[in-house]
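Subject: Structure for you to look at, with notes

Dear colleague,

Here is the structure I promised to pass on to you. Please open it beside this message, since the notes below are meant to be read with the structure in view.

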Amino acid sequence: MVYLRPASGLTSFFRRSCFATCLSVAQVGGSSRCYSVRFPKKQNKTRENPRQQRRPKPAALRGPPKKPSRMLLSKRVIEPSEAQRSRFSHDDFRRQKQRVHEFKDRQSTTPLEIGPPNAGGFGVLQNIRPEDRIPLNATIARLDQFEALRILPVVRQAVYSRCLNDVETKKPTPIQSLAIQKLMKLAPASIRIAQLGLLPNKESEDAESDEDYYKRKLMRKNLSKLKPDLQTYLIAAETGSGKTLSYLIPLMSMLKEEELNNAPAIWGLDAKPYIRSVILVPTAELVKQVLAVVKDLCHDVKLSSAGLSQESSREAANNIARKQIDILVSTPVPLLKLIDRGQNSGLLSDCRKIIVDEADSLMDRSFKEKTLKLLHTPSRLEIAIFCSATIPKSFDFVLRKEYPAMTRIVAPHLHQIPRKITFSTVDTSSEPFYNDKRKALVQTLYNLDKHSSEPGKMKRIVVFMNHRESVDELVSYLTRLRIPAVGLTRDNTLDERSRMMREFRASSPSIKHGGVDLVSGEIQGLRILVTTDIFSRGIDMNGVRTVILYDVPFSSIDLIHRAGRTGRMGAKGRVILLAAKDELKPWLRGLGTAINKGQALV
Ligand SMILES: Nc1ncnc2c1ncn2[C@@H]1O[C@H](COP(=O)(O)OP(=O)(O)OP(=O)(O)O)[C@@H](O)[C@H]1O
């Protein structure tokens, strides 16, 4: 038996298998031998005959010069050197440059197809087709000023002075233009009443006969018993796009317009406690944040407001039931509890507008029943607005089932990570970390401290973890290394959380030098917040530039919300994912490229 030896590494394997064959042959009485034959090494061929040597072609036969190759994904336009330029004709060069500019990497509309069967929590978002998104077209260009929108002047003035005081050019964001325009097309109830002739005309009031007066009064009474048609809206736009004002401005305009038309008096709200509108949010933090904006605006617009969350005392909750409130900001459970207390069962009977902020979360398995119960409680509900930065498939299904006639206002860049965020991954399994994620985090923080961005400013960094039990451990590890970090989880009381968040959100103080303090040994230029998903939704962190994802998020929804704490309102941001090689499933490896190319996640 002869075998040809292909390479030294495999020899022993072949020898062993040959030996086994020899043995088996010997056992049955035959004979065999083992040979190995070595192939000569491949030599570089040289042409010995000078006649065979390749000669350069004459210039006339050579054709046009070769174009330099280009990386497909590179955003950089490679300017040819002077020497290269002289080899191109001008037209060639212009065409080539144009082609590079045509590569619109952040405009891609094809979603990143990372779906089932093995994509974990990725693949849960609804694939919104381009035709279902409202294009950024002439409508938005036409409505790029608050003055072009139908808003009451007093509300507009309050927005300018209270919310956009620091902003140089005060103009609505695309989702604000679209939402305000659509919502304000609705004639408020009071105007409809006036159109029906139920409100007295100022001039004809005196001349009105008794018969007409009583007829009008009767019609008004009958009308107040009628259940109005419910109008439902979905406002969906990327994180940090100004969704809060996109529903607050129309809400306040409508409430105020109703007051100016004397509608509350017509509805008989003069003498009794009422709640005219409710904004539902999922957490106590969001109650605080949204209520702060509402209170600011209400101060100027002259409307009343209140907040209710699981942190509110029983007395504070009971007080709400005794007041006349135009806008109540609340989480679902405490509001349901308040209504369930016998004497308050009619608390929402005059509520005509409900807004469900972070609606995908409030319509998920844990909240859905409670939210729907609240939506079905007011008998005179006129408008329900659902507002969200993500549309998971399950949420889309519930909306289609419960509100098939819903008007959808979906921004063109929904499910994309905002344009100015750069996404990168640190492989924690490679040298020098060798699967020690904490080391990788420290190295990343050190690099960020040294980085030239935000010069002379304290850099604020948010680190997201999947489990709150791990937060304290990581914070004490960082503190031991004299890296200033605070942990913020559901285990802290609301007061603690508010205080820590206030300190973290306070604008970055200026610092003279970065690096390490020689006396305390502390890294001076960083302020680090380690937290979980409790702070990933809706919280406005006031110009945070860096988000570190210490754990791979459970789903694309979590990824979008966590990343959305930076890069808000067109500001720059960076998201760094720390992941070991075995965590980086094939569909996760392409994530950075897809995000940086502007693909929508599903
Ligand atoms: N037209 C505007 N011009 C400039 N800044 C604005 C404008 N509208 C809102 N902002 C500011 O942008 C920030 C983000 O707004 P907001 O919190 O409403 O975003 P969001 O879309 O609700 O984000 P998320 O999806 O994370 O909840 C806020 O600080 C807000 O004051």
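I begin with helix α19 (residues 494-505), which lies across the strands β13 (459-464), β14 and β15 (526-531) and runs at about 140° to β14. Please keep in mind throughout that this is a predicted model, and that what follows was computed from it.

The strands under α19 belong to an open sheet of six strands, paired in parallel and ordered β12-β17-β16-β13-β15-β14. At its edges are β12 (421-427) and β14 (485-488), each of which pairs on one side only. On average, and with direction ignored, neighbouring strands of this sheet are turned by 20° against each other. Within the sheet, strand β16 (residues 546-549) is joined to strand β17 (residues 573-579) by four bridges in the parallel sense, and L549 is found opposite L577 in β17. A further helix, α20 (residues 556-563), lies across β12, β13, β16 and β17, and its course makes about 150° with β16.

There is also an open sheet of seven strands, with parallel pairing and the order β6-β8-β5-β9-β10-β3-β11. Here the edge strands, pairing on one side only, are β6 (305-308) and β11 (407-410), and the twist from one strand to the next averages 15°. Going through some of its pairings, strand β9 (residues 353-357) runs parallel to strand β10 (residues 383-388) and is joined to it by five bridges, with I354 opposite A384 in β10. Strand β3 (residues 231-236) pairs with β10 over six bridges, again in the parallel sense, and Q231 has I383 as its bridge partner in β10. The parallel pairing of β3 with β11 comprises four bridges, and in β11 it is T407 that stands opposite Y233.

Helix α11 (residues 284-301) packs on this seven-stranded sheet, where it touches β5 (277-280), β6, β8 (327-330) and β9, and its direction makes about 165° with that of β8. The 18 residues of α11 reach 25 Å from the first C-alpha to the last, which is close to the 26 Å expected at 1.5 Å a residue. Its buried residues are A284, E285, L286, V287, V290, L291, V294, L297, C298 and V301, so you will find a glutamate listed there beside the others. After α11 comes K302, which has a positive phi, near 65°.Helix α11 also packs against helix α5 (residues 153-163), at an angle of about 130° and with the two axes 9 Å apart. Because of that angle, α5 counts as oblique to α11, and α5 passes α11 in a right-handed crossing. On the α5 side the contact is made by V154, V155, Q157, A158, V159, S161, R162 and C163, while α11 contributes V293, D296, L297, D300 and V301. Two of these α11 residues, L297 and V301, are also listed among the buried residues of the helix.

Finally, for the protein as a whole, there are 22 helices and 17 strands. Of its 602 residues, 36% count as buried. Among contacts between residues at least 6 apart in sequence, 78% join residues at least 24 apart.

With best wishes

Conventions. Residues are numbered from 1 along each chain as its sequence is written. This is a predicted model: local features need pLDDT of at least 70, side-chain atom pairs count only at pLDDT 80 or more; totals for chains, interfaces and linings use all residues. Two strands pair if DSSP finds at least two bridges between them. Helices (H or I, at least four residues) and strands (E, at least two) are DSSP runs, numbered from the N terminus. Axes are lines fitted to C-alpha atoms, for helices over the stretch in contact, and angles run from 0 to 180 degrees between N-to-C directions. Two residues are in contact if their C-beta atoms, placed from the backbone, lie within 7 Å. The expected span of a helix is 1.5 Å times one less than its number of residues. A residue is buried if 20 or more other C-beta atoms lie within 10 Å of its own, exposed if 12 or fewer, and partly exposed in between; C-beta atoms are placed from the backbone. Angles under 35 degrees count as roughly parallel, over 145 as roughly antiparallel, 65 to 115 as roughly perpendicular and the rest as oblique. A crossing is left-handed if the near helix is turned anticlockwise from the far one by less than a right angle, and right-handed if clockwise.
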